[in-house]
Amino acid sequence: MLNKTYLVTAGPTHEQIDPVRYIGNYSSGKMGFAIAERLAELGANVILIAGPVALEVKNQKILRIDIVSADQMFEKCQDYFPTCDGAIMVAAVADFKPVKIRSEKIKRSDEILTLSLCPNPDIAASLGRIKRANQLLVGFALETTVDEQKAMVKLRQKNLDLIVLNSLGDDQAGFKFDTNKVTILDQSGVIFTSDLKPKSEIAIEIVNKIIESQQGRAGIS
Ligand code: CTP
């Protein structure tokens, strides 16, 4: 029985341009939801902060909070993280948002249209700054190539304990698929490499590594 509470972020964020348009990405939310379900199956309480996805939660131990934008996800994470034993940041957060949301629909024209974008908060890094010694922070690294060095840089910059490297360059892995293939790194380097498997099975392996890592840090063998 996993007597702990975890925060999980999942899915994309949508950054509004005008009343009918947004900037988004292809994240389905499946990996984050699978991790939330696995944690709950083991007895943990889960707070799932979900972007706009077409998925349902099965386990009643999951408290689902739906958000749309990165700013909304940021606020909910700030509110809930202090009450959690760890956070798993699976969401594909939009890195930029329009500087200004237009109140009227942008009209078609023959001119080139330039949208000004400003950076969104880095939610994982913000949690890395307030993380307590007994809290575990896990990030995902989405790359178009398998690049362990880039993943390691993200782990350090965001003060993560573990990072799950997910390469869009791998066949049938990542965003749009039901299968995935991951490499997990901690501060010392690669600790796990999976085969290509259904996301529900990958979730079991990721959660096992999270539990092992947290037990190791607490000195439980
Ligand atoms: N992340 C986040 N907030 C953001 C951007 C990313 O919390 N504004 C989290 C993701 O959920 C993931 C990790 O940071 O756990 C890495 O996300 P990724 O998109 O791979 O990296 P970025 O930091 O956005 O860098 P880049 O897009 O330049 O690769």
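The questions and answers below walk through a predicted model, from its ligand to a few single residues.

Biologist: In which pocket does the ligand sit?
Modeller: A molecule sits in a pocket if more than half of its atoms lie within 2 Å of the pocket's grid points. The ligand meets that test in the largest pocket.

Biologist: How much of the ligand's surface does the protein bury, given its polar partners?
Modeller: Start with a nitrogen atom of the ligand, which has a backbone N or O atom of Pro-121 2.9 Å away. An oxygen atom of the ligand is 2.8 Å from a polar backbone atom of Ala-124. Taken alone the ligand exposes 570 Å², and the share the protein buries is 77%.

Biologist: Which element gives the most residues to the shell around the ligand?
Modeller: Helix 3 (123–130) and strand 9 (136–143) each supply at least two residues of that shell. One of them gives four, and that is the most. The element is strand 9.

Biologist: Which lysine side chain has a polar atom 2.7 Å from a ligand oxygen atom?
Modeller: There are 14 residues around the ligand. Those that come nearest include two lysines, Lys-154 and Lys-158. The side chain with a polar atom 2.7 Å from a ligand oxygen atom belongs to Lys-154.

Biologist: Which side chain makes a polar contact with the side chain of Glu-143?
Modeller: Glu-143 is found in strand 9. Leaving out residues up to four places away in sequence, Glu-143 touches several residues, among them Lys-150, Leu-165 and Gly-169. The polar contact spans 2.8 Å, and the partner is Lys-154.

Biologist: Is Glu-143 buried or exposed?
Modeller: The cut-off for buried is under 20% relative accessible area. Glu-143 has 8%, so Glu-143 is buried.

Biologist: Why does Ile-17 count as buried?
Modeller: Ile-17 lies in strand 2 (residues 15–18). Beyond four places in sequence, Ile-17 touches residues including Tyr-22, Pro-98, Ile-106 and Leu-115. Ile-17 is buried because its relative accessible area is 10%.

Biologist: What separates the C-alpha atoms of Ile-17 and Lys-97?
Modeller: Along the chain, Ile-17 and Lys-97 are 80 residues apart. In space, their C-alpha atoms are separated by 8.1 Å.

Biologist: What is the relative accessibility of Ala-203?
Modeller: Ala-203 lies in helix 5 (residues 199–217). Leaving aside neighbours within four places in sequence, Ala-203 is in contact with Met-31, Ala-34, Ile-35 and Arg-38. Ala-203 counts as buried, with a relative accessibility of 0%.

Biologist: How far apart in space are Ala-203 and Arg-38, C-alpha to C-alpha?
Modeller: Arg-38 is one of the contacts of Ala-203. The two residues are 165 residues apart in sequence. From C-alpha to C-alpha, the distance is 6.6 Å.

Biologist: Which residues does Ser-213 touch beyond four places in sequence?
Modeller: Ser-213 has its place in helix 5. Ser-213 is buried, with a relative accessible area of 18%. Not counting residues up to four places away, Ser-213 touches Leu-136 and Leu-162.

Biologist: Which residue has a positive phi although it is not a glycine?
Modeller: Look in the loop between helix 4 (148–157) and strand 10 (162–167). The phi there is about 60 degrees, and the residue is Asn-159.

Biologist: Is Asn-159 buried, exposed or partly exposed?
Modeller: Buried means under 20% and exposed means over 50%, with partly exposed in between. Asn-159 has a relative accessible area of 34%, so Asn-159 is partly exposed.

Conventions
Residues numbered from 1 in each chain as written. Predicted model: local features only at pLDDT ≥ 70, side-chain atom pairs only at ≥ 80, totals over all residues. Heavy atoms only, no water. Buried < 20%, exposed > 50% of the residue type's maximum accessible area, 1.4 Å probe, protein only. Contact = heavy atoms within 4.5 Å. Near = heavy atom within 4 Å. Polar contact = N/O pair within 3.5 Å; in protein donor to acceptor, adjacent residues only side chain to side chain. Areas by Shrake-Rupley, 256 points an atom, 1.4 Å probe, with all protein chains shown as cover. 1 Å grid on protein atoms, 1.4 Å probe; cavity = no way out; pocket = protein on both sides within 12 Å on 5 of 7 lines; lining within 4 Å.
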